Amino acid sequence: MVTEEFQFEQVDLSIKNHREALLSLMNDYMMDDMGMNAPLSINLGEKIIKGLKEQNNYLGFLLKYQGEYVSLANCFRAFSTFKAKPLINIHDFIVTPLHRKIGAGKAMLDAIAMYGEQNGFCKVTLEVRNDNEKAQRLYKKCGFVDCDPPMYFWQKTLNG
């Protein structure tokens, strides 16, 4: 649950400070050991904003602490055919390194779950690196469990 110390906002890409916060937090994510250990390039940042604006299923969230944006969740609406209801997939989840261990991650995940419940979504899904034990501990603390049956997240890289 979001407390008074945290403010939960849905991303509006038409708002300049939302775009700036998104890119700043994405840069923190890219610089992290669990990211790419390299800063977000200006060119890529511009492409991210442009690309997200083109996605009609984009659902982003920001969390503020003491007036500063400290967490971002880039999510996408999907559809569960088994439940015949929409679901929220968290694609990127970031808490800025300076604001970890203050409850921001839990506040953000709880707020996303509450948003989902209030808006008719059947579940929240996410993927996590198998070596990201800190994130796994947070997700478990927030009620996330391995899929039943357990799933793998696979990819095929395309040239294009």
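Let's start in the sheet: strand S4 and strand S5 (residues 124-126) run parallel to each other, paired over three bridges. Within that pairing, Ile 88 sits opposite Val 124 of S5. To get from S4 to S5, the chain travels through helix H3 (residues 104-118), and this β-α-β crossover is right-handed. Bear in mind as you look around that this is a predicted model.

S4 has another partner too. Strand S3 (residues 68-80) pairs with S4 in the antiparallel sense, over 10 bridges. If you want a spot to find on screen, take Asn 74, whose bridge partner in S4 is Asp 92. S3 and S4 make a hairpin, with four residues between the two strands. In that turn you'll meet Ala 84, which has a positive phi of about 55°.

How much of S4 is buried? The strand covers residues 85-95, and eight of its 11 residues are buried, so call it mostly covered.

Now for a pair of helices. The axes of helix H1 (residues 16-31) and helix H2 (residues 42-54) come within 11 Å and cross at roughly 120°. That angle makes H1 oblique to H2. As for its hand, the crossing of H1 and H2 is right-handed. On the H1 side, the contact is made by Arg 19, Leu 22, Leu 23, Met 26 and Met 30. H2 answers with Leu 44, Gly 45, Ile 48, Ile 49, Leu 52 and Lys 53.

Next, a few backbone oddities. Most residues other than glycine have a negative phi, and most peptide bonds are trans. Here are two residues that have a positive phi without being glycine, with their places in the chain.

| Residue | Phi | Place | Relative accessible area |
|---|---|---|---|
| Gln 66 | about 50° | loop between strand S2 (58-65) and S3 | 68% |
| Lys 101 | about 70° | loop between S4 and H3 | 87% |

Are these two loop residues buried or exposed? Gln 66 counts as exposed because its relative accessibility of 68% is over the 50% cut-off. Lys 101 is exposed as well, since its relative accessible area is 87%.

Where does a peptide bond turn up as cis? Look at the bond joining Asp 148 and Pro 149, where omega is about 5°. Pro 149 lies in the segment after helix H4 (133-141).

Conventions
Residues numbered from 1 in each chain as written. Predicted model: local features only at pLDDT ≥ 70, side-chain atom pairs only at ≥ 80, totals over all residues. Heavy atoms only, no water. Buried < 20%, exposed > 50% of the residue type's maximum accessible area, 1.4 Å probe, protein only. Pairing = 2+ DSSP bridges. Right-handed = clockwise from strand over helix to strand, strands pointing away. Axes fitted to C-alpha atoms, helices over the stretch in contact; angles between N-to-C directions. Parallel < 35°, antiparallel > 145°, perpendicular 65-115°, else oblique. Left-handed = near helix turned anticlockwise from the far one by under 90°. Contact = heavy atoms within 4.5 Å.
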